[in-house]
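This briefing concerns a predicted model. Its topics are aromatic contacts, followed by the fold and surface of one chain.

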Amino acid sequence: MRIINRHPSRGLYILLASLPFIALAVAYSIGSYQRLSVNPADKILPSVTQMMAAMNELMFVPDKRTGDYLFWSDTAISLWRLACGMGISIALSLILGVTAGFIPWVRALVKPFVEAFSLIPPITILPILFIMVGLDEASKITLIAVGTAPLMLRAVALAVEEIPREMIVKAQTLGASTWQMITRVVLPQVLPKLIVATRFALIPAWIFLVSAEAIAAVSGLGYRIFLVRRFLSMDVIIPYVLWITLLAWLMDLTLAMLQRRLFPWFQPEQKS
Amino acid sequence: MTTVVLEKIWKEYGDQIVLENIDITIESGSFVALVGPSGCGKTTLLKMLLGEERPTNGQILLDGIPLKAEPDWDRGVVFQRYSVFPHLTVLGNVLVGREFEQSRFWGRLFGAKRKAAIEDARALLKSVGLSDHENKYPAALSGGMQQRLALAQALMRKPKVLLLDEPFGALDPGIRAEVHALMNELWVEQGITVVMVTHDLSEAFRLGTRVIALERRRNRPEEKERYGATIAHDIPVWPPKKQKKLNGSGAAIEPPALVATDVSAAVH
């Protein structure tokens, strides 16, 4: 039988799926063990115990200068920035994306501008933001919004344009006004696709968050990683990276679940 | 009491003439089937009746008044596909027309108005045999059921004319016969005026009171673009079919009422 027609059983699937993770962990452990047995003061590949000790310090011992539990305050401020940036993007993409996708006049006004705007590499705007809005929260939130809004706006506008013409004509023959069509036909059909767009946009959102925090910040997950980098503190950097990965994964999972719960009629064609 | 008059309709796309000199008067309560080979412009004609396209020349009158140049409630429609809203349940799909009509801002009804609307919607769902499915989403319905739902949805708004664009073309033969019986029943019971585009001649004669065939008179490649299709045959169907609510003059006495007839029982 051809290999493309052979499917692993459920148990074998789980085994195969976990193999790369196990391989990476094993490779790291071996490397770490070898380096530490040669030089116990080695900082490049810390052992799990060393990482736990370092994280214990950040998670459960208040900082001497501020009195904060740094790991948790970093997490809180980073998530706050991410939520604000994504919130702005979602609001913009809903208002402008839906109207641009549905009303030809708004499309003419919005679409070419957004297409041109989305070609700007967002990170190049960061210095402009620092100069114009200062180094505090606003510049980081704006960077996330600038980096994700054009993407999401285009996805929403496209989702609106993909609604079959027949359905819009049908709504009109049932006497619907433009406003009624937006609220009762367009929005409900676009919302599940907005969640899909949000899941995709979270990837660049994390990149811009960490970049902004690395360049100019006094708190946040990205700030911490780039701060301790100066001391080669891999025992902090690695757990922080794992934590960010876990957070990103949980968000994606939550959104996917939300999409299934809220929109039972919507079955995307994509495979897991 | 709706008459549709098409006066000397021409339709051109650039240099290409699609339709020429179409003159039709459709009496109230008739069921007109438009037939013709593919590409003869029968769907274009239906789109002009819908208000999605405008004739290059000539005009369409609905009860003597020129047609609004965009789709509106006075012309209901059922397409071959995408006629129902996937995000609404079966009941929601039928209700939505009434909600558009009576709730301009919210597009939703509450309280007594909603109750009355639900009652009417249920009666319609019964007459198309979908009573047991009112909480399902369209994706869970078969093709035939979706088209029956689309009919109920269109009738809920009580359009003056019902336009059908090959509504049964994608159905299996067995299901199609079933939906034909239902369509005939609805036309008899509800006193509606129907214009249906189809490429199925037997369907046209089975359902229609009048079959109009469109055809290009000249079809040689070098002439094709300059001569549009026009009415080749206009055949009253024999034996004549009668609607229930007709008076002597052949006009419907009252706006179509909701008559609950369990057609699914009649079909089986």
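Phe71(A) and Trp243(A) are both buried. These two residues form a tilted aromatic pair, with 5.2 Å from centre to centre and 50° between the planes. Phe71(A) belongs to helix α3 (residues 70-102) of chain A and Trp243(A) to helix α10 (residues 234-262) of chain A, so that the pair, 172 residues apart, links distant parts of the chain.

**Aromatic contacts**

- Over all chains, the count comes to 10 aromatic pairs.
- Phe71(A) and Trp243(A) also belong to a cluster, linked by ring pairs, that includes Trp72(A) and Tyr240(A).
- A further pair, Phe263(A) with Trp265(A), is edge-to-face, at 6.4 Å centre to centre and 80° between the planes.
- Phe263(A) and Trp265(A) are both buried.

**Fold of chain B**

- Chain B contains eight helices and 10 strands.
- The radius of gyration of chain B is 19 Å, which agrees with the value near 18 Å for a compact globule of 268 residues.
- The C-alpha trace of chain B spans about 60 × 45 × 40 Å along its principal axes.
- Of the contacts in chain B between residues at least 6 apart in sequence, 70% join residues at least 24 apart.

**Burial, surface and charge of chain B**

- Buried residues account for 52% of the 268 residues in chain B.
- The exposed area of chain B is about 12300 Å², of which carbon and sulfur atoms supply 52%.
- Chain B carries 34 positive and 33 negative side chains, and the centres of these two sets lie 3 Å apart.

Methods
Residues are numbered from 1 along each chain as its sequence is written. Chains are lettered from A and ligands numbered from 1 in the order in which they are written. Side-chain values use heavy atoms; hydrogens and water are left out. Helices (H or I, at least four residues) and strands (E, at least two) are DSSP runs, numbered from the N terminus. The radius of gyration is taken over C-alpha atoms; the globule rule is 2.2 Å times the number of residues to the power 0.38. Buried means under 20% relative accessible area, exposed over 50%, partly exposed in between (1.4 Å probe, protein chains only). Contact means heavy atoms within 4.5 Å. Accessible areas come from the Shrake-Rupley method with a 1.4 Å probe; for residues, only the protein chains shown count as cover. Lys and Arg count as positive and Asp and Glu as negative; His and the chain ends are not counted. The place of a charge is taken as NZ of Lys, CZ of Arg, CG of Asp or CD of Glu. Rings of Phe, Tyr and Trp (its six-membered ring) pair if their centres lie within 6.5 Å; planes under 30 degrees apart count as stacked, over 60 as edge-to-face and the rest as tilted.
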